[in-house]
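Here's a quick walk through a protein fold, strand by strand. Have a look at the picture first, and then we'll go through the pairings together.

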Amino acid sequence: MKFKNGSSAPTPDGEVLARDYEQARDLGQVRLGRLGLYFPRLTQTVFLPLESLSHVYLRLEDLPVGMGCRRVPVGQYFLMVVLREGGSRKAALTDRACGDWALAQLRALSPELRLGWSSDQD
């Protein structure tokens with residue numbers, strides 16, 4: 001598997017990342033491992049080390065589902081990541097339980113990291 005560093009923070013070698021990626025929990029469009037967050041893409045996986053993260057929070061967005069006048073808003077949870085050097089990432093989660101679990105794990109792995117919750121009405 002090909003890994004790309006998504007920040008300016010130093011990254012472990014590919015073998016260490018591959019082991020951590022295999023043990024990382026799949027949350028939807030993102031995986032959380034002991035070393036950081038993994039954003040799988042078509043040809044490579046973007047890795048964000050925990051040291052590069054400034055703020056991580058959950059966001060609930062209403063996405064319209066359906067066709068024509070029968071479109072109904074359905075809530076989708078996203079993991080929002082703000083980087084120390086600027087920029088951000090957004091990944092859809094399978095459900096709120098995955099998001100709550102991810103925030104709890106991030107608090108245990110990196111206690112100085114700012115964590116929180118946001119909704120699209122804020």
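Which residue in β7 does Leu-60 stand opposite? That residue is Tyr-77. Keep in mind that this is a predicted model.

**The β6, β7 and β8 stretch**

Leu-60 belongs to a pairing worth tracing: β6 (residues 53-65) and β7 (residues 72-83) line up antiparallel, with twelve bridges between them. The two strands make a hairpin with six residues in between, and in that turn Gly-66 has a positive phi of about 125 degrees.

Carry on along the chain and β7 pairs again, this time with β8 (residues 88-92), antiparallel over five bridges. Val-82 has Ser-88 in β8 as its bridge partner. This hairpin has four residues between its strands, and here Gly-86 is the one with a positive phi, near 100 degrees.

**The five-stranded sheet**

Now for the open sheet. Its five strands run in the order β1-β5-β4-β3-β2, and the pairing is mixed. At the edges sit β1 (3-5) and β2 (25-26), each pairing on one side only. Helix α1 (residues 14-23) packs on this sheet and touches β1, β2, β3 (31-32), β4 and β5, with its direction at about 85 degrees to that of β4.

Strand β4 is a good one to zoom in on. Four of its five residues are buried, leaving the strand mostly covered. On one pairing, β4 meets β3 in the antiparallel sense over two bridges, and three residues separate the strands in that hairpin. On another, β4 (residues 36-40) is joined to β5 (residues 45-49) by five bridges, also antiparallel, with a hairpin of four residues linking the two.

Here are some bridge partners from this sheet:

| Residue | Bridge partner | Partner's strand |
|---|---|---|
| Leu-32 | Leu-37 | β4 |
| Phe-39 | Val-46 | β5 |
| Pro-40 | Thr-45 | β5 |

If you're scanning side chains along these strands, one rule of thumb helps: in a regular strand, side chains alternate between the two faces of the sheet.

**A serine in a loop**

One last stop. Ser-110 lies in the loop between α2 (96-109) and β9 (114-119). Is Ser-110 buried or exposed? Its relative accessible area is 4%, and the cut-off for buried is under 20%, so Ser-110 counts as buried. The Ser-110 side chain also has a polar contact, at 2.9 Å, with the side chain of Glu-112.

Key: Residues are numbered from 1 along each chain as its sequence is written. This is a predicted model: local features need pLDDT of at least 70, side-chain atom pairs count only at pLDDT 80 or more; totals for chains, interfaces and linings use all residues. Side-chain values use heavy atoms; hydrogens and water are left out. Two strands pair if DSSP finds at least two bridges between them. Contact means heavy atoms within 4.5 Å. Axes are lines fitted to C-alpha atoms, for helices over the stretch in contact, and angles run from 0 to 180 degrees between N-to-C directions. Buried means under 20% relative accessible area, exposed over 50%, partly exposed in between (1.4 Å probe, protein chains only). A polar contact is a pair of N or O atoms within 3.5 Å; within protein, one must be able to donate a hydrogen and the other to accept it, and residues adjacent in sequence count only if both atoms are side-chain atoms.
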